[in-house]
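Here are a few exercises to work through with the model open beside you. Try each task before reading its solution.

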Amino acid sequence: MIDTLIPAVTKVCGAQHVITDPAELRTYECDGLTSHRSVPALVVLPETAEQVAGVVRACVAAGVPFVARGSGTGLSGGALAPGNGVLIVTSRMRTILEIDPAARRAVVEPGVTNLAVSQAAQPFGYFYAPDPSSQVICSVGGNVAENSGGAHCLKHGFTVNHVTGLEVVTPDGEIVWLGDGSGAAPGYDLVGAFTGSEGTLGIVTKIVVRLTRIPAAVTTLLAGFGTTGEGGAAVSAIIAAGIMPAAIEMMDALSIEAAEAAVHCNYPAGAGAVLVVELDGPEADVEAETAAVRRICTDAGAFEIRIAADPAERAVIWAGRKSAFAAVGRIAHAYIVQDGVVPRTALEDVLDRIAQMSAETGIRVANVFHAGDGNLHPLVLLDPDTDPAAAEELSGAILDLCIEHGGSITGEHGVGVDKTRYMPKMFGPVDLDTMQMLRCAFDPRGLCNPGKIYPTPRLCGEVPGLRRGPHPLVAAGQADLL
Amino acid sequence: MTSQPAAGGRAGPPPGEGAAAGAGMAAGAGTAAAAGRGAEGTAADADRGAGGGTGADADRGADEGTAADADGGAGGGRGADAGRAADALAAACADLRPAGPADAVAGVLPSWVAAPASVAEAAATMRVAAGLDLAVVPRGSGSRLSWGLPPRSCDLVIETGRLDRVLEHAAGDWIASVQAGVSLDQLADVLGEAGQQLSLDVPAPAGAGGGTVGGVLATGMAGPRRMRYGTPRDLLTGITVIRADGRVARAGGKVVKNVAGYDLGKLYAGSFGTLGLIAEATFRLHPVPAASGYVTLECGTAAEAAAAVAAAVESPLAAAAVEIDRLAPGAPVRVAVLVEGSPAGVPQRVTGMRELLGDGAVVADDVPGWWGHGAAAASDSTLIRIAFWSSALRAVLDVLDSAALAAALEPSVGGSPGAGVLYAAVDSLAEPAAVAAFVAALRAEIGRVRAAGFPPARGSVVVLNAPPLVRGAVDMWGPVPGAALMRAVKDQFDPGHRMAPGRFAGGI
């Protein structure tokens with residue numbers, strides 16, 4: 001199949017943008033989650049929506065699955081192409097087509113990096129609010145696929161709250177606009193439904209994003225606590241006071257130790273937990289809220305509080321937090337990043353249980369998390385003598401804990417291939433069936449990023465010109481007709 | 001995982017069979033519900049006993065003149081035993097009554113109104129309706145039931161008024177889960193006790209409530225503060241729906257941050273009842289602002305108003321809402337800016353905003369009388385919603401003037417220009433042809449398609465509500481981006497086209 005496809009996609013994209021060399025193909029075998037690997041049969045790098053559509057049509061004609069990939073920074077294996085599949089990489093589509101400050105909109109191609117949008121909007125006094133920690137390299141197209149969040153989404157929202165129009169290549173290979181950029185287009189909100197669909201409903205080729213006014217004032221406050229329990233109490237009190245910080249991040253002793261060793265962030269000595277609270281908005285409001293947060297932290301037992309006086313000091317405070325994942329990599333042989341969500345009020349309970357599980361198994365767990373929205377990123381550390389299976393099991397047990405507390409198995413990394421098996425723990429068969437009705441509407445052939453999100457594919461039926469008998473997967477007992 | 005046939009869920013015939021039934025129905029007389037196939041399909045439900053028999057009147061449906069849904073087989077009119085259908089429905093839903101004239105949906109009279117009191121009862125009712133091949137229209141308070149196109153057929157109205165429980169208010173998590181029939185007013189009272197709010201200030205006619213949670217979700221309505229908080233889809237974190245086939249499905253959850261699975265809430269928000277019945281919803285909440293203040297300004301021209309709006313919207317003083325209101329073309333444009341925040345910050349910001357807006361701007365402690373009661377709250381006019389990129393505000397106001405002049409109409413205009421949404425209300429007695437000309441002129445400018453534009457059109461003009469004669473004269477929804485995919489979605493979620501058929505954009 002692939003052999004017949006190569007001439008077709010070469011005609012569409014040009015030979016220099018079609019990768020067939022096995023060694024080069026290997027560089028696309030995984031995304032940011034390296035534990036899942038699959039070498040695609042073919043990689044193409046189109047430059048225009050028309051080329052993407054041409055490649056998709058060629059794949060459809062050949063019956064070959066295809067997968068879109070942005071910068072490859074995803075953390076759930078969402079951009080993995082099967083061994084018989086084509087990987088469509090959008091990194092050559094990186095033009096910022098328009099900035100309309102008066103409408104607070106930008107129109108960009110999918111390969112544009114997240115940070116580049118903010119940089120382009122900055123001279124007009126605006127920025128692009130969703131800021132995943134990979135924002136220097138991650139692409140806006142990938143952000144749309146994953147509905148990316150970031151440290152500041154507590155106040156400013158997720159990608160889905162900032163996308164108002166999408167040009168997509170459908171799994172049929174047609175170029176279609178969803179939404180008109182206004183944010184109030186008539187009809188179903190397909191922009192909202194598409195965002196976060198992990199590349200399973202089509203390939204984004206242009207994106208209209210909302211721009212946000214750069215706030216007049218920003219303060220960043222660092223508070224050291226004896227325990228994560230005290231830090232958690234401070235978080236609850238801040239929220240209870242009706243304050244909506246731009247970000248509230250927490251790190252525990254182990255992650256502080258790692259960050260300290262890596263970037264010498266000079267966090268309060270002896271802290272069992274630090275809290276980074278960022279407030280933004282009009283000056284007088286930020287000033288009042290900063291005073292209130294300082295008071296709340298003190299009342300909750302903070303033994304040291306620092307407030308960044310300028311952008312340089314703010315960068316120092318954030319350096320520790322932003323380095324945390326990499327830093328933990330230095331104090332362990334390897335680690336597993338988890339991405340679970342619990343209701344904020346359950347944080348203390350869940351952290352206690354994680355500590356208990358860590359003690360029971362002897363596997364170290366460093367906790368770094370977006371405390372404001374209950375999004376945990378426990379890092380399960382693999383030391384040389386750690387049984388990888390036991391670490392994987394602990395990581396999974398943390399997800400069970402999240403589900404048990406009414407939370408979610410993923411707050412921002414997505415399900416991808418990594419968490420499909422947890423989906424039935426969070427959703428019932430009818431829920432999953434209903435979600436896949438949407439998929440059937442967009443991709444009845446199931447060729448667009450197959451095998452992601454859902455453990456059991458739904459059969460869509462009524463695909464023109466296809467089989468009439470029982471589906472082979474049903475016959476083999478591998479799928480259900482719901 | 002094993003598959004299980006759901007009780008009563010053997011409604012769906014192969015597409016061919018359904019189409020044949022539909023054709024037969026179209027040829028048959030009237031819309032009296034129930035047919036052999038349907039009644040058979042729900043024997044299990046009927047066997048539970050026909051409690052609360054309401055004696056639905058079979059003849060009532062016969063002369064409603066509801067256009068049969070030729071392509072979907074809806075309408076339930078196979079002239080068979082309506083009594084058995086009523087019994088089956090009554091067995092599923094204790095509160096079933098024959099419909100009266102007040103139950104008409106945009107002029108289409110249903111046969112029955114069911115008011116389930118639990119999700120299970122609603123699901124059972126939907127299963128029976130699926131088995132009987134009935135066309136169903138969900139109803140909240142009914143305040144916006146006339147919006148959109150008249151349904152092609154409507155046998156059963158499912159009213160959510162008895163699904164009125166606030167299921168959970170997790171104040172510490174800023175989350176509330178509610179049933180669809182909870183009124184926004186009732187919810188505001190509950191949340192207000194903890195100093196919290198669902199940040200939807202939906203415009204409502206003076207004296208009327210804000211509608212139900214389900215209704216606001218289904219219509220996707222939002223008010224002035226959409227500029228800061230967005231619309232229902234932005235605040236919804238989880239949803240429970242009853243599918244057209246009567247199965248109960250959930251998506252999202254009770255945490256704000258969650259990307260597990262498709263976000264079906266986005267699809268249902270603004271779907272006008274065409275994909276199923278919204279049964280429960282979970283929302284993220286916000287604090288009730290500790291302080292707020294308004295700055296108002298009266299502008300003589302559209303140009304001045306557009307400049308004032310732009311200044312207010314772009315200012316780092318961070319307005320929560322910027323509204324305009326103009327009673328008629330040529331009349332002064334009233335501009336009002338809402339500032340929300342801390343008691344320490346708001347007075348300064350209000351002062352700053354007044355200085356920014358220049359001579360004539362005044363600080364008002366109270367909400368302006370027209371705020372939230374302008375054109376958007378019109379109940380008996382032709383109501384038109386205009387969406388656009390806010391940079392086009394000046395052009396939008398200009399075309400509103402020129403189109404009104406050309407059509408000899410005097411629409412009032414108001415809304416949230418900072419969020420790119422305005423409403424125009426045209427007198428209900430206006431000539432249908434004039435209204436049609438007005439709408440066409442607006443579309444020519446606001447929905448203008450630019451070759452190779454990204455996106456090709458940057459706005460839309462939708463007629464949300466209109467008197468019957470006007471409905472006949474205008475294309476209510478106009479062009480819709482992505483219409484083919486929307487039809488594919490409808491086909492998946494409601495293959496029989498029984499849910500509010502034809503009410504939505506693109507004839508969905």
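Two strands count as paired if DSSP finds at least two bridges between them; helices (H or I, at least four residues) and strands (E, at least two) are DSSP runs numbered from the N terminus. This is a predicted model, in which local features need pLDDT of at least 70 and side-chain atom pairs count only at pLDDT 80 or more, while totals for chains, interfaces and linings use all residues. Residues are numbered from 1 along each chain as its sequence is written, chains are lettered from A and ligands numbered from 1 in the order in which they are written, and side-chain values use heavy atoms, with hydrogens and water left out.

**Exercise 1. Work out how S5(A) and S6(A) pair.**

Step 1: Strand S5 of chain A covers residues 96-100 and pairs with S6(A) in the antiparallel sense, over 4 bridges.
Step 2: For one register point, take Asp100(A), whose bridge partner in S6(A) is Arg105(A).
Step 3: Now look at the hairpin, which has 4 residues between the strands; there Arg104(A) takes a positive phi near 55°.

**Exercise 2. Find the pairing of S6(A) with S10(A), then sort the side chains of S6(A) by direction.**

Step 1: S10 of chain A (residues 203-210) and S6(A) also run antiparallel, with 4 bridges.
Step 2: Here Ala106(A) has Val209(A) of S10(A) as its bridge partner.
Step 3: In S6(A), residues 105-108, Arg105(A) and Val107(A) point one way, Ala106(A) and Val108(A) the other.
Step 4: These four residues are all buried, that is, under 20% relative accessible area, where exposed is over 50% and partly exposed lies in between (1.4 Å probe, protein chains only).

**Exercise 3. Which parts of chain A does the disulfide of Cys440(A) and Cys460(A) tie together?**

Step 1: A disulfide is taken as a pair of cysteine sulfur atoms within 2.5 Å. The structure holds 1 over all chains, joining Cys440(A) to Cys460(A) with an S to S distance of 2.1 Å.
Step 2: The angle about the S-S bond is -75°, and the link is left-handed.
Step 3: Cys440(A) lies in helix H16 (residues 429-442) and Cys460(A) in the loop between H16 and helix H17 (472-475), so the link ties together parts 20 residues apart in sequence.
Step 4: Cys440(A) is buried at 3% relative accessible area, and Cys460(A) is buried at 17%.

**Exercise 4. Why does Cys265(A) have no bond to the sulfur of Cys297(A)?**

Step 1: The closest cysteine sulfur to that of Cys265(A) is in Cys297(A), 17 Å away, which is too far for a bond.
Step 2: Cys265(A) is buried, with a relative accessible area of 3%.
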